[in-house]
2 protein chains.
Amino acid sequence: MRAALDLVDRDGGAALTMRSLAKDLDVEAPSLYKHVPNKEAILDGICELVYAEVVIDEVGEEWEERLRAYADGFRRALLRHRNAVPILATRAVATEGSMLLVEVALAEFARVGFDAETARRLLNVVVATVLGMALAEIADQDSARTNFADPDKFPLASVTVVSTPADRDAEFDIALTMLTEGIRRLSEAA
Amino acid sequence: MRAALDLVDRDGGAALTMRSLAKDLDVEAPSLYKHVPNKEAILDGICELVYAEVVIDEVGEEWEERLRAYADGFRRALLRHRNAVPILATRAVATEGSMLLVEVALAEFARVGFDAETARRLLNVVVATVLGMALAEIADQDSARTNFADPDKFPLASVTVVSTPADRDAEFDIALTMLTEGIRRLSEAA
DNA sequence: GCTGCTGGCTAACAGCGTTAGCTGGATTGG
DNA sequence: CCAATCCAGCTAACGCTGTTAGCCAGCAGC
């Protein structure tokens, strides 16, 4: 699993091949099947490793701050393994490491006073946002694919499509602010 | 392109093969290359078709309502082509149809009074959220993959992981509320 | 009526995930 | 202490993938 994640980090997700992974391990491809049922399991293992690598900073008691720390830790882990993000994003979460993340988040929401159902919904929204933004960030970095539009047809879009890394940080900050403000409003309404 | 999207809708993204697509068109696989440089172009075409299919309901003047209509129209198009969502999500947007969507959204944000830079950021957040949630919804539907956790280790997560379609609608509603409330707060601050 | 283009075809290649079956060295049991 | 067992590697091979090369029928225009 470790070797697989390293390979993905180094060469990208498409380069992860039974044969290439085997080569990294100084072994032939079919030998891998003595340790793993199929490639799916390797992809699951990669997800597991990334989730396990999420570290959430210890911060104060205010839930806004804690939510920020949570989302931020999640995001950092994703960006540390950019090439693995498309794998994570298209795979249902059902592993040990991801469950732990879910658990602590639900506990946080419960602490603030949300019922279990609402907590789960809020968490799904938060996770979708973090993953969605990471995905967009990864997608447009290898989109040196000359994506400039015709300024006559799209006067607004043509000038503003591209995002720098700093932009992405700012966008994530905005997203977090929106999430916390939205949650605050919901909790006040309840 | 049309045939490719139909095939993906019917049999899933993994089933889209040069040979399978050719068979649907009563043709042999290599003939496709007379019309298309490679498979990538077909995937781009699929994205283009889905984006072109987005219809945004005509609603009142209030921007909250209009944002909802926008996100909702986007989401409906994605859910109409569930199997295509992983393709869309892992592909940078640079096509005609997607540009049009970007353009109208930026115009809306400008109308409300945001500067171009902020508008672009807000839009990125909105799109990431819609895509991220659609992705999660698609992912957990084919996750009949028995993903129940050990209740001792994860008391909260174990009971609440699964989402029904109605749940997902509710979650999307929550997400939209959070986005609008967050944006309102930002616009008030500015 | 010949020329050339267009869009199909067959054959083939390298690389993919995966299976079957063999083999040598370590580990265990009597 | 030798024999039996198991384990983890190996080679060979299958059917599938995207893609290229090269051929050929039919239609267009001069």
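**Chat about a predicted protein–DNA model**

Biologist: Let's start at the DNA. Which residues come nearest to DNA strand D?

Modeller: Glu28(A), His35(A), Arg19(B), Tyr33(B) and Lys39(B) come nearest, out of 15 residues around that strand. Keep in mind that this is a predicted model.

Biologist: And how much of that is backbone? What share of the strand D atoms within 4 Å of the protein is sugar and phosphate?

Modeller: Sugar and phosphate make up 49% of the strand D atoms that come within 4 Å of the protein.

Biologist: OK, details. Which atom of DNA strand D does the side chain of Arg19(B) approach?

Modeller: A base nitrogen: an N or O atom in the Arg19(B) side chain is 2.8 Å from it.

Biologist: What about Lys39(B), what does its side chain approach on that strand?

Modeller: For Lys39(B) it's a phosphate oxygen of strand D, with 2.7 Å to a side-chain N or O atom. Thr17(B) also has a side-chain N or O atom by a phosphate oxygen of strand D, at 3.1 Å.

Biologist: Switching strands. Which residues are closest to DNA strand C?

Modeller: Tyr33(A), Lys39(A), Glu28(B), Ser31(B) and His35(B) are the closest, and 15 residues surround strand C. Of the strand C atoms within 4 Å of the protein, sugar and phosphate account for 50%.

Biologist: Which phosphate distances do you get there for Thr17(A) and Lys39(A)?

Modeller: The Thr17(A) side chain has an N or O atom 3.2 Å from a phosphate oxygen of strand C. For Lys39(A), the distance from a side-chain N or O atom to a phosphate oxygen of that strand is 2.7 Å.

Biologist: And Lys34(B), what does its side chain approach on strand C?

Modeller: A base oxygen of strand C, which is 3.2 Å from an N or O atom in the Lys34(B) side chain.

Biologist: Let's leave the DNA. How many helices and strands does chain A have?

Modeller: Nine helices and zero strands. Read from the N terminus, the order is α-α-α-α-α-α-α-α-α.

Biologist: What box do its C-alpha atoms fill?

Modeller: Roughly 60 × 50 × 25 Å along the principal axes.

Biologist: How much of chain A counts as buried?

Modeller: 48% of its 190 residues. Its accessible surface is about 9200 Å², and carbon and sulfur atoms hold 56% of that.

Biologist: What share of the contacts comes from residues 24 or more positions apart?

Modeller: In chain A, 68% of the contacts with a separation of 6 or more.

Biologist: Last one: how many positive and negative charges does chain A carry?

Modeller: 21 positive and 33 negative, and their mean positions are 5 Å apart.

Note on methods: Residues numbered from 1 in each chain as written. Chains lettered and ligands numbered in written order. Predicted model: local features only at pLDDT ≥ 70, side-chain atom pairs only at ≥ 80, totals over all residues. Heavy atoms only, no water. Helix = DSSP H or I, 4+ residues; strand = E, 2+ residues; numbered from the N terminus. Buried < 20%, exposed > 50% of the residue type's maximum accessible area, 1.4 Å probe, protein only. Contact = heavy atoms within 4.5 Å. Areas by Shrake-Rupley, 256 points an atom, 1.4 Å probe, with all protein chains shown as cover. Lys, Arg positive; Asp, Glu negative; His and termini not counted. Charge placed at Lys NZ, Arg CZ, Asp CG, Glu CD. Near = heavy atom within 4 Å. Polar contact = N/O pair within 3.5 Å; in protein donor to acceptor, adjacent residues only side chain to side chain.
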